[in-house]
Amino acid sequence: MQLLQIGLDHATADVTIRERLAIQSVDLPAVLDDLRQIAMDAVVLSTCNRVEVYVLAGDAPACAESVTAYLASRGGLTDAQVRGATVRRFGADAVRHLCRVATGLESMILGEPEIAGQVRTAQANANADGAASVVMRRLFDDALRVAGQVRAESGIGRHAVSVSTAAIRLAERTMGGLGGKVTLVIGAGSVGKSAARVLAQSGASSVIVSSRRIESARAVAREVGCEAATIETLPDALAVADLVIGATSAPHFVVHADAVRQAMLTRADRPLVLVDVAVPRDIDPDIRDVPGCTVFDVDDLKAAREASIAARKLAAVDAEAYIERTVDRFMTWLQGRMVASVVADLVAHAERVRQQEVERGLSLHGATTDRERALVEATTAAIVKKLLHQPIVEVKRRSSGEDGQLWAKALGELFALTGSRPATPAMPGLVGATSNAKGAVS
């Protein structure tokens with residue numbers, strides 16, 4: 001049993017690749033079911049800046065190839081494209097990476113606070129689908145625990161800037177401030193609500209929240225103190241807005257170039273700034289060619305990440321120490337669990353063999369008394385116990401070391417224990433798989 005993580009983020013792949021591999025919440029149950037055919041269990045984390053798959057597998061390298069092929073087929077990409085955009089991590093490296101992600105050390109905006117909630121949601125979704133074992137639940141619990149500890153004690157979030165905040169600051173610099181500006185937020189989820197709140201606090205004269213579900217838009221409007229609109233009124237909103245923030249989870253473009261061209265005809269040379277923080281993207285990149293329009297996407301927010309690094313570098317050093325202690329504790333627990341499982345399988349296997357041989361031997365000698373049977377049972381049980389004692393003691397002694405997993409695996413293979421044999425990965429969903437992304441990659 002090996003822990004494997006395969007993932008890509010803003011540092012390894014641009015937005016055109018990330019949106020092809022993004023997994024929408026509506027598709028997540030099917031994806032988790034597919035991954036369960038490849039590995040023992042799975043958790044998927046898909047956000048605007050990353051797509052990551054965490055699995056347990058008997059043969060992690062082979063499983064990594066199968067997961068790569070599955071993601072490539074689902075996203076309409078080649079295996080080579082997915083390999084080039086992703087990073088594979090095994091064992092302690094996978095644990096360390098998840099802790100860094102949950103803590104915000106791997107975020108585009110270092111220490112940003114939204115990622116811990118997204119990690120928690122990924123865990124909850126896998127639990128609800130029955131796709132997460134006790135090992136995966138312990139892993140995510142530990143990562144979230146250290147994230148909370150780091151945020152409370154290291155100060156890394158003291159000057160945190162969320163993705164939505166960074167997007168609005170970028171727009172402010174481009175527009176020379178938000179005073180007197182009409183702003184439109186498309187999307188009433190957590191990112192859209194955060195953007196609306198920041199806009200309301202930044203001096204915008206009007207904030208409109210537009211959503212496919214008017215109830216969601218009204219809920220944000222009541223909480224933030226702004227206006228609500230349905231997505232059907234988008235053409236009218238585009239005609240009056242100075243700034244548009246795209247923050248939906250839709251699998252396709254929400255703001256199209258033709259609609260913006262039409263809106264610009266009524267604007268009397270007023271420029272329009274559009275910032276897309278969604279992956280897959282909400283805003284058609286062809287709008288860049290529309291006169292008077294400026295379009296930014298999530299990859300344009302990297303400058304904000306660079307600006308935040310210096311202020312949090314010292315806090316990040318403290319965070320790394322917390323994370324390393326978490327990694328050590330988890331790996332010790334996992335190796336102990338694996339050894340205990342192999343030892344239990346070995347003892348059960350030996351007992352089955354002993355019982356079979358006792359029955360076979362006694363049957364060859366005809367009728368036996370209860371005393372004779374008891375003597376044979378006790379003697380053979382003592383022999384088995386003595387034979388197994390030293391290998392069990394030795395593998396337990398070595399379980400806390402770096403090679404503990406190798407010893408447990410070797411013991412299982414030497415005795416042909418079923419639970420220790422690597423599973424042969426399947427590759428579901430490769431025939432007829434289609435992309436659900438908004439854009440296309442040539």
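**Stop one: the six-stranded sheet**

Start by selecting the open sheet whose six strands come in the order β7-β6-β5-β8-β9-β10, with parallel pairing. At its edges you'll find β7 (227-230) and β10 (293-296), each of which pairs on one side only. Look along the strands and you can check the twist: neighbours are turned by 20 degrees against each other on average, if you ignore direction. Keep in mind as you go that this is a predicted model.

Now zoom in on β6 (residues 206-211) and β7. These two pair in the parallel sense over four bridges. To see one position up close, pick S211, whose bridge partner in β7 is T230.

Next, add helix α8 (residues 163-175) to the view. α8 packs on this sheet and touches β8 (243-246), β9 (272-276) and β10. Compare directions and you'll get about 160 degrees between α8 and β9.

**Stop two: the four-stranded sheet**

Hide that lot and select the other open sheet on this tour, with four strands in the order β2-β3-β1-β4 and antiparallel pairing. The edge strands here are β2 (41-46) and β4 (87-90), and each has pairing on one side only. From one strand to the next, the twist averages 15 degrees.

Pick out β1 (residues 2-9) and β3 (residues 50-57): they run antiparallel and are joined by eight bridges. Click D9 and look across to β3, where its bridge partner is R50.

Which strands does α5 touch when it packs on this sheet? Bring α5 in and you'll find β1, β2, β3 and β4, with the helix direction at about 145 degrees to that of β3. Then show helix α7 (residues 134-153), which also packs on the sheet. α7 touches β1, β2 and β3, and its direction makes about 140 degrees with that of β3.

**Stop three: a pair of helices**

Leave α5 on screen, this time as residues 92-103, and add α6, residues 114-129. Their axes are 7 Å apart, and the two helices pack at an angle of about 125 degrees. That's why α5 and α6 count as oblique to each other.

Turn on side chains for a look at the contact. From α5 come L98, V101 and A102, and from α6 they meet I115, A116 and V119. What kinds of residue make up this contact of α5 with α6? Six are nonpolar, with no polar and no charged residues.

**Stop four: two single residues**

Select T47, in the loop between β2 and β3. Is T47 buried or exposed? Its relative accessibility is 9%, so T47 counts as buried. Leaving aside residues up to four places away in sequence, T47 touches I115, Q118 and V279. You've already met I115, in the contact between α5 and α6.

Now jump to G336, which sits in helix α13 (residues 302-364). With 30% relative accessibility, G336 counts as partly exposed. Measure from its C-alpha to that of Q405: the two are 8.9 Å apart in space, though 69 residues apart in sequence.

**Last stop: confidence**

Finish by colouring the model by pLDDT. The protein's mean is 85, and 88% of its residues reach 70 or more. Then select residues 420-437, where pLDDT stays under 50. The model has 43 contacts beyond four places in sequence for residues 420-437. Where pLDDT is low, don't read the predicted coordinates in detail.

Note on methods: Residues are numbered from 1 along each chain as its sequence is written. This is a predicted model: local features need pLDDT of at least 70, side-chain atom pairs count only at pLDDT 80 or more; totals for chains, interfaces and linings use all residues. Side-chain values use heavy atoms; hydrogens and water are left out. Axes are lines fitted to C-alpha atoms, for helices over the stretch in contact, and angles run from 0 to 180 degrees between N-to-C directions. Angles under 35 degrees count as roughly parallel, over 145 as roughly antiparallel, 65 to 115 as roughly perpendicular and the rest as oblique. Contact means heavy atoms within 4.5 Å. Ala, Val, Leu, Ile, Met, Phe, Trp, Tyr, Cys and Pro count as nonpolar, Asp, Glu, Lys and Arg as charged, and the others, Gly among them, as polar. Two strands pair if DSSP finds at least two bridges between them. pLDDT is the predictor's confidence in each residue, from 0 to 100. Buried means under 20% relative accessible area, exposed over 50%, partly exposed in between (1.4 Å probe, protein chains only).
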